[in-house]
Amino acid sequence: MTLAFQTINRLRAFPPRMTEFTQRFWRGLATGHFETTRCDDCGRLTFPPKPFCPHCWSHKIAWVPLSGRGKLYSQTVVHAAPAVFQDEVPYRVGIVDLDEGLRIATRMLADVEPKLDIAVEIVVLNYRDGLLFAARPL
Ligand SMILES: [Zn+2]
């Protein structure tokens with residue numbers, strides 16, 4: 001399953017730091033794929049993807065696809081933002097429980113306050129200078 005794309009006609013306020021390791025995540029996102037890493041020793045998933053396992057410290061990790069689907073666990077609206085996000089207030093941030101069992105924090109796109117526990121999907125945000133992702137109600 002590939003992710004939907006949404007065009008955002010502005011620059012990213014705080015572009016993510018890219019590393020050689022995370023390039024694979026961003027290349028995948030560019031083709032609508034949401035991936036992370038799983039530990040080959042203990043089997044646990046991690047997000048964001050990491051070159052080691054934060055649970056057992058193993059360096060034997062593998063890339064695995066995520067569905068990009070989950071449930072909204074919590075959300076809030078940010079009015080008092082860090083300076084770099086000042087032009088975007090108010091904006092919504094959600095805690096999403098992905099179907100694979102990962103709990104992630106992400107920007108939440110919704111015009112009205114979403115109910116908790118609703119189904120959400122990850123969407124690729126196509127900014128003028130690169131990509132980000134967010135969740136939105138399904
Ligand atoms: Zn592990």
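Four short exercises with worked solutions follow.

This is a predicted model: local features need pLDDT of at least 70, side-chain atom pairs count only at pLDDT 80 or more, and totals for chains, interfaces and linings use all residues. Residues are numbered from 1 along each chain as its sequence is written.

**Exercise 1. Describe the overall fold of the protein chain.**

Step 1. Count the elements. The protein chain holds 1 helix and 9 strands. Helices (H or I, at least four residues) and strands (E, at least two) are DSSP runs, numbered from the N terminus.

Step 2. Put them in order. Along the sequence the pattern reads β-α-β-β-β-β-β-β-β-β.

Step 3. Judge compactness. The radius of gyration of the protein chain is 15 Å, close to the 14 Å from the globule rule for 138 residues, so the chain is as compact as a globular protein of that length. The radius is taken over C-alpha atoms, and the rule is 2.2 Å times the number of residues to the power 0.38.

Step 4. Box the chain. Along the principal axes, its C-alpha atoms fill roughly 40 × 30 × 30 Å.

**Exercise 2. Assess burial and long-range contacts.**

Step 1. Take burial. Of the 138 residues, 18% count as buried. A residue is buried if 20 or more other C-beta atoms lie within 10 Å of its own, exposed if 12 or fewer, and partly exposed in between, with C-beta atoms placed from the backbone.

Step 2. Take contacts. Two residues are in contact if their C-beta atoms, placed from the backbone, lie within 7 Å. Among contacts with a separation of 6 or more, 54% join residues 24 or more positions apart.

**Exercise 3. Is Gly94 buried or exposed, and what does Gly94 touch?**

Step 1. Locate Gly94. Strand E6 (residues 91-98) contains Gly94.

Step 2. Count neighbours. Gly94 is buried, because 23 other C-beta atoms lie within 10 Å.

Step 3. List partners. Beyond four places in sequence, Gly94 contacts Leu72, Ser74, Gln75, Thr106, Met108 and Ala135.

Step 4. Check a distance. Val64 is 30 residues from Gly94 along the chain, and their C-alpha atoms are 23 Å apart.

**Exercise 4. Is Cys56 buried or exposed, and which residues does Cys56 touch?**

Step 1. Locate Cys56. Cys56 sits in the loop between strand E3 (45-46) and strand E4 (61-66).

Step 2. Count neighbours. Cys56 counts as exposed because it has 12 C-beta neighbours inside 10 Å.

Step 3. List partners. Leaving out residues up to four places away in sequence, Cys56 touches Cys39, Asp41 and Cys42.
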